[in-house]
Amino acid sequence: MIAILFSGLTTIGYGLVKDFEIWILLRSLWGSWSLLKLGAYLLILQLATDADRGSFMGTYNGLYRLGSLFGMLIGGLFADWFGVTIISVVIGLLAFTSIPILYKYLPKSLDQEVDTVNAPTLLTNFRVFKDRKLIQTFTTAFLVIMLLDGMLTANLSHVIQVKFNDQVNIFGLIFGAATLAGVMQAIRWGVAPYVVSKVGMALDNTEKKNRILTGFLILAFFLLAVIPLDLPLIIWLPVLLVHLLVSSSLTTVIDTLSSQYASRVKNKIFVMTSFTVIADLGAALGPIAGYSLEAAIGLNNVFFVASLICLLLTVVWMLPGSDRTKEVIVSHHL
């Protein structure tokens, strides 16, 4: 409910507010998106089993990105027709129409009874971070989301402009860098629901989920190394699209691994909340890290460094003992 209220009010504010400082404040309040995502994670945690957890995660990740696609297309089109103020107010008000759905279909809490006597304390909650597998998963989530979603996706139009030009000629059609970036994102979000749902189903059908993770990390390593190369645009764009889909697939894999871990401990809400915070922190630091490193070492070297980090993560996940996807090492009081 809090997330819905914030999302509606901030979107309305985008169209009404004229002061840049207040607009930045509204944009910061949109961080309530984390609450929407956390709510989805906890609901999946409640409904899913080892047989369908990946499928649920893949479906969720695909569907909310479809919302991004339609929001971008419809919002942009109607903003041109009616102006930013009107469309912001309309879309913000539409957010409130989800409140009846919230009350009708979503449970007020997790089904599991809360043990108020033996509930984990703050100290015992943090002891979960002694588990090497959890730290490995969270570190991977932070780095992958920072490098692939935050650093590349958020800076995509800038990358296209630096590599090619602000005006790109494709089969005689002229696209601005921002427009081309939007088109690539739209294609990604349109295809992603099918791709990530298949990835989720593959996760459900194997005990070796880490092998799927390492496979996508290897692809990310290779594609990040290829993107800075001087390739013709007609070759570079398909490589970029595959990379964007690999990024979406990696997100689904990491979400599934984290929720699988959380499903086996008592303080599952604390674990998934921590995961959400770490993932969002990676997404927030990605653009800052991208621009800062570009100024220091150049754009091409930024991609090479990101590629090497993905290679390092691949090696870590291939080490002996990292394939224990079902075993969770926690102390008895967790």
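**Exercise 1. Place E294.**
Is E294 buried or exposed?

*Solution.* E294 counts as buried because its relative accessibility is 18%. The cut-offs are these: buried is under 20% relative accessible area, exposed is over 50%, and partly exposed lies in between (1.4 Å probe, protein chains only). Next, locate the residue. E294 sits in helix 13, residues 268-297. Helices here are DSSP runs of H or I with at least four residues, strands are runs of E with at least two, and both are numbered from the N terminus. Then list its partners. Leaving out residues up to four places away in sequence, E294 touches H158, V162, L299 and V302. A contact means heavy atoms within 4.5 Å.

**Ground rules.**
This is a predicted model, in which local features need pLDDT of at least 70, side-chain atom pairs count only at pLDDT 80 or more, and totals for chains, interfaces and linings use all residues. Residues are numbered from 1 along each chain as its sequence is written, and side-chain values use heavy atoms, without hydrogens or water.

**Exercise 2. Judge the confidence.**
Where in the chain is confidence lowest, and where highest?

*Solution.* Start with the mean. The chain has a mean pLDDT of 82, and 88% of its residues reach 70 or more. pLDDT is the predictor's confidence in each residue, from 0 to 100. Now go by element. Strand 2 (residues 173-176) is lowest, at a mean of 67, and helix 11 (residues 209-226) is highest, at 93. Check the weak stretches. Residues 113-117 have pLDDT below 50 and zero contacts in the model beyond near neighbours in sequence. Residues 325-334 also stay under 50, but the model gives them 27 contacts beyond four places in sequence.

**Exercise 3. Describe the largest cavity.**
Which helix gives the largest share of the lining of the largest cavity?

*Solution.* Count first. The whole structure holds three cavities of 30 Å³ or more. A cavity is a set of points, on a 1 Å grid over the protein atoms alone, where a 1.4 Å probe fits but cannot get out; lining residues have an atom within 4 Å of a point. The largest has a volume of about 90 Å³; volume is the space filled by probe spheres set on the points, which are joined across faces, edges and corners. Now read the lining. It includes N61, Y64, R65, D149, R188 and T251. Helix 4 (53-82), helix 10 (177-204) and helix 12 (233-262) each supply at least two residues. Helix 4 gives the largest share, four residues.

**Exercise 4. Sum up the chain.**
How many helices and strands are there in the chain?

*Solution.* The chain has 14 helices and two strands. Of its 334 residues, 45% are buried.

Notes:
On a 1 Å grid over the protein atoms alone, a cavity is a set of points where a 1.4 Å probe fits but cannot get out, and a pocket is an open set with protein on both sides within 12 Å along at least five of seven lines; lining residues have an atom within 4 Å of a point.
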